[in-house]
Amino acid sequence: MELKEIKIIIKRLYREHVKKYLNKIFLALFLSIVVAISTSGTAWLLDPAIKKIFIEKDQTLAWVIPIFIIITFSAKGISLYFARITVIKVGQRIGAELQKKIANKILAADIKTLDNRHSGKYISNIFYDAGAVINLVSTGVLNLMKDSFSLVALVGLMFYQNWKLALFAILMMPLAAFFAKSLGKRIGKVQGEASIKTGELVVLLTEIFKGAKMIRIFQKEEEETVKVDQIISKVTEKNIKISSILIRATPVMETLTGFMIAGFIFFSGKLINSGELELNNFFSFLTAMMLAYQPIRSLATINMTIFQGATAAKRIFLILDEPIETKDDFKFHDLKLNQCSIKFNNVNFHYSNTKEKAVKNINLEIKGGTVAAFVGHSGAGKSTIISLLPRFYEPQSGKIYIDNQDIHKVSLRSLRKSLSMVSQDIILFDDTVKANIAYANSKASDEEIVEACNFAAANEFIKKLPEGYNTIIGENGVKLSGGQKQRLSIARAILKKSPIILLDEATSSLDADSEEVVQNAISNLIKNKTTLVIAHRLSTIHNADQIFVLKNGTIIDSGSHDYLIEKSNEYKSLYQKQLKQV
Ligand SMILES: Nc1ncnc2c1ncn2[C@@H]1O[C@H](COP(=O)(O)OP(=O)(O)O)[C@@H](O)[C@H]1O
Ligand SMILES: [Mg+2]
């Protein structure tokens, strides 16, 4: 990352996040000045201490100066403590703001955006990158202020004690600065790589959790272990590299300091011999120079902290800046529902990562209160058509209407309120049964929830669970059977009471017994509703008012079962191969 870009990012970080804490930063700035003054104060006090107490043997100052020394040291300690606390708070708050922004962004993002990025990567942004920004704001900003002020004060003192010696010492400093600059660039690159590897690690770990059973049945534990080991080794390698670049400053700085002190003693010996320097000035100067070592070292590495923070902030801003295509536009009215008829007019859609259209020239009309079934081989585009209705994806051309209102010209809120979706992959939260169902309507009363469960043929099994409706069902409902999960998701859809129902192979993963129960639940769910169903089951298809036969993204035939079995070869072959046996 170029210096120019870093500046832009730092400026943005300042504008959007740091600026509002400016009073706190000023407080830290003030405290930094106190730290700087008291640091050089201790070095200065050695001058009168040696002169008055040791050489002139002054009795009063013999106890006054030690008291001042205690005061300056404690002033330094206390102000440093409060300065640190202040910036730590600011840093953590800013980190939290960024984390919240990322989380909000994930919740608002288009499905298309989320499709193209693994969830683990977002998690790594939330932890790793936000952490680097926190470090930049808390450690970086404070050190920058405290150490530059201290350096200025100490160098000032050095000039005060003897300008010739001071000039000599100053000559050594640009060397350190030059060296530090080259480290900054290298560390930024490694830091980026470490972040990517950490992201990969999170990705892999989430997949190990999700794929727990699959890994065991395919006996891939060893392979997965190797993969995890490799990534962890890479992350470790990068982290070691970062640390070693960071501490690479130490030997160089130590050596430089050695040169400085050696040269300094040599040079000051000459000055003392020629009577240009007194012993008390010498000791005060020496102390100031030694004390200047810490701020120099810290300032020499500060550009790395800044670099790390800026590259991390860049990755975060990239996420935050991702445009959102599907969002609620307040200029649009709510959808006015009447019959709940649905119309697709020449709809074309391709996924953002493919050129091939997933659905082509879709024209269809579904009357309100009827059931439309979609059949076709897998990959024909059935799920895609259904996910266009809630605007999970936006068609590139064509229009979709509900009750003659373009769904892209009504509020997203009202659109999604009118739709319920039950699909093959059921998402349940690790919470109680009740909470999972009430997800559809948090205001639902217990009676309403039980009623919904009755309709969904779920009440009976729920009552038998260890704690009934208050049973915690585990991550994604691991403690329930497939059919039970499906019925919970149907109960949830029933509770939503929306007039349009989308069913995506809702029963395809169930055995015959569960299927019958679930099928009854579905019949209750879709009663008097407009329903779009993707089905493999003959019964569903027979009950449909209209069947659309899809092939490679196009509707090639449509009509009733009796019509299609006569006229459509595709339907006939589908029927014989797929639909019939199940
Ligand atoms: N999220 C996605 N990103 C890219 N391509 C996708 C995505 N989902 C589905 N597809 C592709 O779109 C086509 C239609 O898929 P889909 O609608 O899921 O088919 P069906 O539900 O009929 O089995 C397929 O070629 C599939 O590979
Ligand atoms: Mg599908």
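# Exercises on a predicted model

Helix 11, residues 382-388, contributes the most to the shell around ligand 1, with three residues. Keep in mind that this is a predicted model.

## Exercise 1: the ligand shell

Task: Find how many residues surround ligand 1, and sort the shell by class.

Solution.
- Step 1. Count the shell. Ligand 1 is surrounded by 13 residues.
- Step 2. Name the closest ones. They are Tyr-351, Ala-358, Lys-382, Ser-383 and Thr-384.
- Step 3. Sort by class. The shell holds eight polar, three nonpolar and two charged residues.
- Step 4. Look for the main contributor. Helix 11 gives the most, with three residues.

## Exercise 2: the overall form

Task: Describe the protein chain by its helices, strands and domains, then set its radius of gyration against that of a compact globule.

Solution.
- Step 1. List the elements. The protein chain has 20 helices and 10 strands.
- Step 2. Mark the domains. Domain 1 covers 3-321, and domain 2 covers 427-497.
- Step 3. Place the domains. Their centres, taken over C-alpha atoms, are 52 Å apart.
- Step 4. Take the extents. Along the principal axes, the C-alpha trace spans about 120 × 55 × 50 Å.
- Step 5. Compare the radius. For 582 residues, a compact globule would have a radius of gyration near 25 Å. The protein chain has 35 Å.
- Step 6. Check burial. Of the 582 residues, 36% are buried.
- Step 7. Check the contacts. Take those with a separation of 6 or more: 81% of them join residues 24 or more positions apart.

## Exercise 3: strand 8 and its partners

Task: Decide whether strand 8 is largely enclosed or left open, and find which strands pair with it.

Solution.
- Step 1. Locate the strand. Strand 8 runs over residues 530-534.
- Step 2. Apply the cut-off. A residue is buried if 20 or more other C-beta atoms lie within 10 Å of its own.
- Step 3. Count. Five of the five residues of strand 8 are buried, so the rest of the structure largely encloses this strand.
- Step 4. Check each face. One side carries Thr-530, Leu-532 and Ile-534, the other Thr-531 and Val-533, and all are buried.
- Step 5. Take one partner. Strand 3, residues 371-375, pairs with strand 8 in the parallel sense over four bridges. Here Ala-373 has Val-533 as its bridge partner.
- Step 6. Take another. Strand 7, residues 500-504, runs parallel to strand 8, and five bridges join the two. Here the bridge partner of Leu-503 is Val-533.

## Exercise 4: a sheet of four strands

Task: Work out the strand order of the open sheet, and explain why strands 2 and 5 each have a side without a neighbour.

Solution.
- Step 1. Write the order. The open sheet of four strands reads 2-1-4-5, with antiparallel pairing.
- Step 2. Find the edges. Strand 2 (359-366) and strand 5 (405-406) each have a single partner strand, so one side of each lacks a neighbour in the sheet.
- Step 3. Join strands 1 and 2. Five bridges link strand 1, residues 342-349, to strand 2 in the antiparallel sense. Val-347 has Ile-362 of strand 2 as its bridge partner.
- Step 4. Join strands 1 and 4. They pair antiparallel over five bridges. Phe-344 stands opposite Ile-400 in strand 4.
- Step 5. Join strands 4 and 5. Two bridges connect strand 4, residues 397-402, to strand 5, and the two run antiparallel. The partner of Ile-402 in strand 5 is Gln-405.

Technical notes: Residues are numbered from 1 along each chain as its sequence is written. Chains are lettered from A and ligands numbered from 1 in the order in which they are written. This is a predicted model: local features need pLDDT of at least 70, side-chain atom pairs count only at pLDDT 80 or more; totals for chains, interfaces and linings use all residues. A residue is near a molecule or strand if its C-beta atom, placed from the backbone, lies within 6 Å of it. Ala, Val, Leu, Ile, Met, Phe, Trp, Tyr, Cys and Pro count as nonpolar, Asp, Glu, Lys and Arg as charged, and the others, Gly among them, as polar. Domain bounds come from an automatic or database domain assignment. The radius of gyration is taken over C-alpha atoms; the globule rule is 2.2 Å times the number of residues to the power 0.38. A residue is buried if 20 or more other C-beta atoms lie within 10 Å of its own, exposed if 12 or fewer, and partly exposed in between; C-beta atoms are placed from the backbone. Two residues are in contact if their C-beta atoms, placed from the backbone, lie within 7 Å. Two strands pair if DSSP finds at least two bridges between them.
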